[in-house]
Structures are given as C-alpha cells and as structure tokens.
Amino acid sequence: MKINKAIRQLSREMLRASFTDGQLDRGKIASLVQSLVTRKPRHYIAVLQYYKRLLRLDIEKRHAKIESAMPLSSDVADRIADRLKKKYGSDLTTEFDVDLTLLGGIRVRVGSDVWDGTLRNRWQRREQEL
C-alpha cells in the first residue's frame, strides 16, 4: 500500500505524542496504539506500520554500536562513550562488540551514521584505488 500524506502525518503526530521529558514512554506508546486500534480509522494498519518504522528509527538514533577487533579496556570504552554522548546526547546507549574480521581499529554506528576506522575498510579502499 502506498503511504499517503495523511498516514505520514498521523504517524508523526503519534511519534511526537510518544515522548515524556524527551524519552520514549512505553505506556504512552501502548495507549496510542490501543486507541488507534479501537477507533479503526481508514488505513489504520498502514498508520501502525509507519509508526513502528518511525519508532525503530528513533530508537536506533539513540543507540551506538561500537565494534573493535579486540576487547576494549574499560577506560577506552568509557572515553568513547563519553564523546559519543557529548555529540548525540546523554540518553545515548552504547553496545560494545568484538569482531575479529575487522583486523584492527574501530567501527562506530549510531543510527545511520557510521565511522569506520578499521584495517579491513582501509584495505578495501586501497584495492578499489588500484
């Protein structure tokens, strides 16, 4: 189904109403969804799907995934987390993973932003240049 202007508008209004003090509120989300399901306006399934997409994107903006080739010391991990929180806000959550295929360096992903300082990425860029 094509998402029209009314569906986008209603979904965005629902997203704006989902916050309490700048944080997503699970109770508000549940009550908004429940009220929409009980009223059953035209195209309410499409509204719910678009609202779910907007919620997912907002949650991803507030979560950082940091991948490294080796486990990071707690000091380094804390410094990285602090710098990311300065840039993206104090409500940012962090997740640290070890990925041996990176060979070295760090990859940071926050929402759609990606900083890739890994050796694997550097080698792939060099191969493309040659």
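**Burial, salt bridges and cores in a predicted model**

Glu67 and Arg107 are both buried in this predicted model.

Me: What makes the pairing of Glu67 and Arg107 a salt bridge?

Reply: A side-chain nitrogen of Arg must lie within 4 Å of a carboxyl oxygen of Glu. For Glu67 and Arg107 the N to O distance is 2.9 Å, so the pair meets the rule for a salt bridge. Glu67 belongs to strand β3 (residues 63–68) and Arg107 to strand β5 (residues 106–110), so that the pair, 40 residues apart, links distant parts of the chain. Both residues also take part in a network of salt bridges with Lys65, Asp97 and Asp116.

Me: Why is Thr118 called buried?

Reply: The term buried applies under 20% relative accessible area. Thr118 has a relative accessible area of 0%, and is therefore buried. Thr118 sits in the loop between β6 (113–116) and α5 (119–129). Beyond its neighbours within four places in sequence, Thr118 is in contact with Leu102, Gly104, Gly105, Ile106 and Arg107.

Me: What makes the approach of Thr118 to Asp116 a polar contact?

Reply: The cut-off for a pair of N or O atoms is 3.5 Å. The side chains of Thr118 and Asp116 make their polar contact at 2.6 Å, which is within that cut-off.

Me: Arg62 forms a salt bridge with Asp58; why is Arg62 called partly exposed, and why is Asp58 called buried?

Reply: Partly exposed covers the range between under 20% and over 50%. At 26%, Arg62 is therefore partly exposed, whereas Asp58, at 6%, is buried because its value is under 20%. The closest N and O atoms of the pair are 2.9 Å apart.

Me: How do you know that Glu129 and Arg126 count as exposed?

Reply: Exposed requires over 50% relative accessible area. Glu129 has 56% and so counts as exposed; Arg126, at 51%, therefore counts as exposed as well. Their side chains meet in a salt bridge at 3.6 Å, N to O. Both residues lie in helix α5, 3 residues apart, about one turn of the helix.

Me: Which residues have the most contacts inside the largest nonpolar core?

Reply: They are Ile7, Met14, Leu15, Leu36, Val47, Tyr51 and Leu55, in a core of 13 residues. Helices α1 (5–17), α2 (26–39) and α3 (44–61) each supply at least two residues of this core, and α3 gives the most, with 7 residues. A second, separate core of 7 residues includes Ile66, Ile80, Val108 and Val110.

How values were computed:
Residues are numbered from 1 along each chain as its sequence is written. This is a predicted model: local features need pLDDT of at least 70, side-chain atom pairs count only at pLDDT 80 or more; totals for chains, interfaces and linings use all residues. Side-chain values use heavy atoms; hydrogens and water are left out. A nonpolar core is a set of buried Ala, Val, Leu, Ile, Met, Phe, Trp, Tyr and Cys residues joined through side-chain atoms within 4.5 Å. Buried means under 20% relative accessible area, exposed over 50%, partly exposed in between (1.4 Å probe, protein chains only). Helices (H or I, at least four residues) and strands (E, at least two) are DSSP runs, numbered from the N terminus. A polar contact is a pair of N or O atoms within 3.5 Å; within protein, one must be able to donate a hydrogen and the other to accept it, and residues adjacent in sequence count only if both atoms are side-chain atoms. Contact means heavy atoms within 4.5 Å.
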